[in-house]
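Here is a walk through one structure, pair by pair and loop by loop. Keep the model open and follow along.

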Amino acid sequence: MMADAASRGDAKEVQQRESWDQLKKRINASGNRANIGNIKDIIVELFGANLVRGRGLLCRLLMRAQSQSTSFTAVYAALVAVINTKLPLIGELMVTRLVLQFCRAFKRDDKGLCISSVMFLAHLSNQRVAHEVLAFQIVSLLLETPTDDSVEVVVAFTREVGAFLGSIVPRVLNYVFDAFRSILHEDRLTHIVITRDLLVMHATLSTEKIMRDLKIDGDLERRYESRLRYDSYKRVRRSQSHSYFKSRFPPSRRQADRSDTYN
């Protein structure tokens with residue numbers, strides 16, 4: 001009996017390992033082929049896999065691919081945003097791992113990994129997967145004690161998320177530009193000649209120019225706008241339900257019911 005149970009346990013373990021390897025190959029094969037032209041087909045293929053079980057594999061694949069080729073950051077962020085509409089735990093896991101990766105790179109003074117991490121987080125903020133408070137916290141951390149590397153990371157971050165911040169929370173964008181100007185006036189950085197070009201280029205940009213230069217292109221922009229329409233539809237539905245509640249239960253009637261309850 002014990003030998004049969006052990007053999008069945010070993011067979012089950014081998015079967016689970018094989019299914020895990022198949023899931024890993026399927027996610028890697030789909031994620032490595034992602035681009036703007038075939039993102040719709042890639043999303044369908046990924047939803048055909050067990051993403052709940054392989055969510056860690058997907059996040060690790062996208063983070064590794066994005067760090068190696070940052071030019072595809074917008075594509076990977078759009079992919080995560082679409083999956084996040086059906087499986088929010090994947091978007092939460094992606095943001096959590098990116099924040100942890102950024103914190104580790106920040107402690108090790110790894111500027112390259114910091115830039116790639118904040119670029120991914122910036123595009124996730126543009127896609128409404130990450131909250132704008134996270135963007136403000138990143139900027140505050142980097143500008144708390146500004147150095148050449150931290151300011152360069154902030155510049156790269158602002159280049160990607162500036163349009164979103166300018167339309168949602170312009171005070172954060174104004175805070176960034178004010179910090180840039182104060183750094184320029186006080187000359188607090190060591191290699192001020194190298195950093196001055198970056199700061200002058202971005203501190204003199206107006207919000208309108210940023211929003212014009214940073215618009216999402218093509219299919220990604222249309223998917224982004226369709227999701228905005230869906231969000232506005234949900235807000236309208238919530239307001240309609242609130243109006244319905246007020247019409248069914250007017251204030252006078254609610255107060256009367258409350259007084260009867262208290263009496």
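Start with Lys 111 and Asp 149. Their side chains meet in a salt bridge, at 3.9 Å from N to O. This pair links distant parts of the chain. Lys 111 sits in helix α6, which covers residues 111–126. Asp 149 belongs to helix α8, residues 148–168. The two are 38 residues apart. Keep in mind that this is a predicted model.

How far apart are N and O in this contact? The value is 3.9 Å. A salt bridge here needs a side-chain nitrogen of Lys or Arg within 4 Å of a carboxyl oxygen of Asp or Glu, so the pair counts.

Now look at Glu 152. The side chain of Glu 152 also forms a salt bridge with Lys 111, at 3.1 Å from N to O. Glu 152 lies in helix α8 and Lys 111 in helix α6, so this contact ties together parts that are 41 residues apart in sequence. Because the salt bridges share partners, Lys 111, Asp 149 and Glu 152 join into one network.

Are these three side chains buried or exposed? Each falls in between. Lys 111 is partly exposed, with a relative accessible area of 30%. Asp 149 is partly exposed at 38%. Glu 152 is partly exposed as well, at 28%.

Turn next to helix α1, residues 2–32. Here Glu 13 and Arg 17 pair up through their side chains in a salt bridge, at 3.1 Å from N to O. The two residues are four apart in the helix, so about one helical turn separates them. Glu 13 is partly exposed, at 42% relative accessibility. Arg 17 is partly exposed too, at 43%. The structure holds four salt bridges in total.

Two loop residues deserve a look at their backbone. Which residue between α5 and α6 has a positive phi? It is Asp 109, with a phi of about 60°, although Asp 109 is not a glycine. The loop that holds Asp 109 follows α5, residues 88–108, and leads to α6. Asp 109 counts as exposed, because its relative accessibility is 66% and the cut-off is over 50%.

Arg 128 is the other loop residue to inspect. Phi of Arg 128 is near 65°, a positive value in a residue other than glycine. Arg 128 is found in the loop between α6 and α7, the latter being residues 132–144. Arg 128 is partly exposed, with a relative accessible area of 36%.

Definitions and conventions: Residues numbered from 1 in each chain as written. Predicted model: local features only at pLDDT ≥ 70, side-chain atom pairs only at ≥ 80, totals over all residues. Heavy atoms only, no water. Buried < 20%, exposed > 50% of the residue type's maximum accessible area, 1.4 Å probe, protein only.
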